[in-house]
Amino acid sequence: QVQLVESGGGLVQAGGSLRLSCAVSGRTSGYDIVGWHRQAPGKEREFVAHITWSGGNTGYADSVKGRFTISRDNAKNTVYLQMNSLSPEDTAVYYCAVRKVWREEYDYWGQGTLVTVSS
(Lines give C-alpha, C1' and ligand atoms only; values in the text may rest on other atoms or scores of the structure.)
Protein backbone atom coordinates (compact mmCIF):
# COMPACT_ATOMS: atom_id res chain seq x y z
CA GLN A 1 0.00 0.00 0.00
CA VAL A 2 1.07 3.55 -0.73
CA GLN A 3 -0.23 6.53 1.20
CA LEU A 4 -0.40 10.03 -0.21
CA VAL A 5 -1.31 13.16 1.71
CA GLU A 6 -1.86 16.46 -0.05
CA SER A 7 -1.65 19.84 1.62
CA GLY A 8 -1.34 23.51 0.75
CA GLY A 9 -4.73 24.22 -0.76
CA GLY A 10 -6.75 27.28 0.11
CA LEU A 11 -8.35 30.46 -1.14
CA VAL A 12 -6.33 32.81 -3.32
CA GLN A 13 -7.14 35.76 -5.54
CA ALA A 14 -6.76 35.59 -9.28
CA GLY A 15 -3.16 36.19 -10.27
CA GLY A 16 -1.88 34.77 -7.02
CA SER A 17 0.19 31.70 -6.23
CA LEU A 18 -0.03 28.56 -4.13
CA ARG A 19 2.28 25.64 -3.53
CA LEU A 20 0.78 22.21 -3.01
CA SER A 21 2.64 19.36 -1.34
CA CYS A 22 2.17 15.62 -1.67
CA ALA A 23 3.81 13.46 0.99
CA VAL A 24 4.26 9.88 -0.18
CA SER A 25 4.84 6.94 2.16
CA GLY A 26 4.45 3.18 2.40
CA ARG A 27 5.55 0.52 -0.08
CA THR A 28 6.61 2.95 -2.79
CA SER A 29 9.09 0.71 -4.58
CA GLY A 30 8.32 0.61 -8.29
CA TYR A 31 5.94 3.55 -8.25
CA ASP A 32 8.24 5.94 -10.05
CA ILE A 33 5.70 8.42 -11.39
CA VAL A 34 3.84 10.90 -9.24
CA GLY A 35 1.10 12.88 -10.88
CA TRP A 36 -1.09 15.80 -9.94
CA HIS A 37 -4.67 15.80 -11.16
CA ARG A 38 -7.63 18.06 -10.50
CA GLN A 39 -11.38 17.93 -10.57
CA ALA A 40 -13.45 21.06 -10.88
CA PRO A 41 -17.10 21.15 -9.79
CA GLY A 42 -19.24 19.36 -12.34
CA LYS A 43 -16.29 18.30 -14.47
CA GLU A 44 -14.25 15.19 -15.06
CA ARG A 45 -10.95 14.73 -13.29
CA GLU A 46 -8.06 15.87 -15.47
CA PHE A 47 -4.31 15.43 -15.55
CA VAL A 48 -2.22 18.43 -14.49
CA ALA A 49 1.45 17.36 -14.27
CA HIS A 50 3.71 14.44 -13.46
CA ILE A 51 7.29 13.82 -12.40
CA THR A 52 9.53 10.79 -12.01
CA TRP A 53 11.32 10.11 -8.75
CA SER A 54 14.37 8.74 -10.50
CA GLY A 55 15.20 11.30 -13.18
CA GLY A 56 12.95 14.20 -12.38
CA ASN A 57 11.39 14.03 -15.83
CA THR A 58 8.26 16.15 -16.01
CA GLY A 59 5.14 16.53 -18.11
CA TYR A 60 2.36 19.11 -18.06
CA ALA A 61 -1.12 19.64 -19.37
CA ASP A 62 -1.27 22.43 -21.95
CA SER A 63 -3.60 24.41 -19.70
CA VAL A 64 -0.92 24.82 -17.02
CA LYS A 65 2.33 24.98 -19.00
CA GLY A 66 4.33 28.04 -18.11
CA ARG A 67 2.30 28.66 -14.95
CA PHE A 68 2.69 25.48 -12.87
CA THR A 69 5.93 23.75 -11.91
CA ILE A 70 6.19 20.27 -10.47
CA SER A 71 9.22 19.27 -8.42
CA ARG A 72 10.25 16.61 -5.95
CA ASP A 73 12.38 16.20 -2.85
CA ASN A 74 13.49 12.59 -2.78
CA ALA A 75 14.89 12.89 0.74
CA LYS A 76 11.47 13.96 2.03
CA ASN A 77 9.45 11.71 -0.31
CA THR A 78 7.47 14.80 -1.21
CA VAL A 79 6.31 16.19 -4.52
CA TYR A 80 5.35 19.83 -4.94
CA LEU A 81 3.17 21.74 -7.36
CA GLN A 82 3.99 25.43 -7.57
CA MET A 83 1.03 27.23 -9.11
CA ASN A 84 1.45 30.79 -10.35
CA SER A 85 -0.81 33.20 -12.22
CA LEU A 86 -3.86 31.40 -10.92
CA SER A 87 -7.24 32.04 -12.48
CA PRO A 88 -10.77 31.08 -11.39
CA GLU A 89 -10.60 28.26 -13.97
CA ASP A 90 -7.97 26.60 -11.78
CA THR A 91 -10.48 26.17 -8.96
CA ALA A 92 -10.68 22.45 -8.22
CA VAL A 93 -9.81 19.70 -5.81
CA TYR A 94 -6.20 18.73 -6.52
CA TYR A 95 -5.12 15.14 -6.07
CA CYS A 96 -1.74 13.47 -6.23
CA ALA A 97 -1.34 9.86 -7.26
CA VAL A 98 1.36 7.32 -8.11
CA ARG A 99 1.76 4.80 -10.88
CA LYS A 100 4.35 2.49 -12.34
CA VAL A 101 6.21 3.51 -15.47
CA TRP A 102 4.66 0.84 -17.66
CA ARG A 103 1.10 1.54 -16.59
CA GLU A 104 -1.18 4.35 -17.72
CA GLU A 105 -3.48 4.02 -14.73
CA TYR A 106 -2.61 5.52 -11.38
CA ASP A 107 -2.84 3.01 -8.57
CA TYR A 108 -2.97 5.05 -5.36
CA TRP A 109 -4.54 8.44 -4.72
CA GLY A 110 -4.55 10.99 -1.96
CA GLN A 111 -7.67 12.51 -0.47
CA GLY A 112 -7.26 15.81 -2.30
CA THR A 113 -6.83 19.43 -1.34
CA LEU A 114 -9.20 22.20 -2.40
CA VAL A 115 -7.91 25.21 -4.32
CA THR A 116 -10.30 28.11 -4.77
CA VAL A 117 -9.34 31.07 -6.91
CA SER A 118 -11.53 34.15 -6.56
CA SER A 119 -11.94 36.70 -9.33
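In this predicted model, the largest nonpolar core has 29 residues. Those with the most contacts inside this core are Trp-36, Val-48, Phe-68, Val-79, Leu-81, Met-83 and Tyr-94. Many strands contribute to the core: β1 (2–7), β3 (18–26), β4 (33–39), β5 (46–52), β7 (68–73), β8 (78–83), β9 (92–99) and β11 (113–118) each supply at least two of its residues. In soluble globular proteins, nonpolar side chains tend to be buried together.

Tyr-94 is a good place to begin a closer look at the core. Leaving aside neighbours within four places in sequence, Tyr-94 is in contact with Leu-20, Trp-36, Val-48, Phe-68, Leu-81, Met-83 and Val-115, among others. Its partners also include Glu-6, His-37, Arg-38, Gly-112 and Thr-113. Of these, Trp-36, Val-48, Phe-68, Leu-81 and Met-83 are listed, together with Tyr-94 itself, among the residues with the most contacts inside the core.

The overall architecture comes next. The chain has eleven strands and zero helices, so that from the N terminus on its elements read β-β-β-β-β-β-β-β-β-β-β. The radius of gyration is 13 Å, close to the 14 Å that the globule rule gives for 119 residues, so the chain is as compact as a globular protein of that length. Along the principal axes, the C-alpha trace spans about 40 × 25 × 25 Å. Buried residues account for 43% of the 119 residues. Among contacts with a separation of 6 or more, 53% are between residues 24 or more positions apart.

One covalent cross-link accompanies these contacts. The structure contains one disulfide, formed by Cys-22 and Cys-96, whose sulfur atoms are 2.1 Å apart. The two cysteines are 74 residues apart, with Cys-22 in strand β3 and Cys-96 in strand β9, and the pair thus links distant parts of the chain. The disulfide is right-handed, with 75° about the S-S bond, and both Cys-22 and Cys-96 are buried.

Next to Cys-22 in the sequence, Ser-21 also lies in strand β3. Ser-21 counts as buried because its relative accessibility is 15%, under the 20% cut-off. Beyond its neighbours within four places in sequence, Ser-21 is in contact with Val-5, Glu-6 and Ser-7, with Trp-36, and with Thr-78, Val-79 and Tyr-80. Two of these partners, Trp-36 and Val-79, are among the residues with the most contacts inside the nonpolar core.

Charged side chains add a further set of links, and five salt bridges are found in the whole structure. One of them pairs Arg-67 with Asp-90, with the closest N and O atoms 2.8 Å apart. Arg-67 lies in the loop between β6 (58–60) and β7, and Asp-90 in the loop between β8 and β9, so this salt bridge ties together parts that are 23 residues apart in sequence. Both Arg-67 and Asp-90 are buried. For Arg-67 the relative accessibility is 19%, which is why this residue counts as buried, the cut-off being under 20%. The side chains of Arg-67 and Asp-90 are also joined by a polar contact of 2.8 Å. Apart from Asp-90, the contacts of Arg-67 outside its neighbours within four places in sequence are with Gln-82, Met-83, Asn-84, Ser-85, Leu-86 and Ser-87.

Two further salt bridges offer a useful comparison. Asp-62 and Lys-65 meet through their side chains at 3.3 Å, N to O, and both residues are exposed. Arg-103 pairs with Asp-107, the closest N and O atoms being 2.9 Å apart. Arg-103 is partly exposed at 33% relative accessibility, and Asp-107 is likewise partly exposed at 28%. Elsewhere, salt bridges that share partners join Arg-38, Glu-46, Arg-67 and Asp-90 into one network.

Finally, the backbone deserves a brief look. Most residues other than glycine have a negative phi. Asn-77, in the loop between β7 and β8, has a positive phi of about 50° although it is not a glycine. Ser-85, in the loop between β8 and β9, has a positive phi as well, near 50°. Asn-77 counts as partly exposed at 36% relative accessibility, and Ser-85 is partly exposed at 44%. Ser-85 is also one of the contact partners of Arg-67.

Conventions. Residues are numbered from 1 along each chain as its sequence is written. This is a predicted model: local features need pLDDT of at least 70, side-chain atom pairs count only at pLDDT 80 or more; totals for chains, interfaces and linings use all residues. Side-chain values use heavy atoms; hydrogens and water are left out. A nonpolar core is a set of buried Ala, Val, Leu, Ile, Met, Phe, Trp, Tyr and Cys residues joined through side-chain atoms within 4.5 Å. Buried means under 20% relative accessible area, exposed over 50%, partly exposed in between (1.4 Å probe, protein chains only). Helices (H or I, at least four residues) and strands (E, at least two) are DSSP runs, numbered from the N terminus. Contact means heavy atoms within 4.5 Å. A salt bridge is a side-chain nitrogen of Lys or Arg within 4 Å of a carboxyl oxygen of Asp or Glu. A disulfide is a pair of cysteine sulfur atoms within 2.5 Å. A polar contact is a pair of N or O atoms within 3.5 Å; within protein, one must be able to donate a hydrogen and the other to accept it, and residues adjacent in sequence count only if both atoms are side-chain atoms. The radius of gyration is taken over C-alpha atoms; the globule rule is 2.2 Å times the number of residues to the power 0.38.
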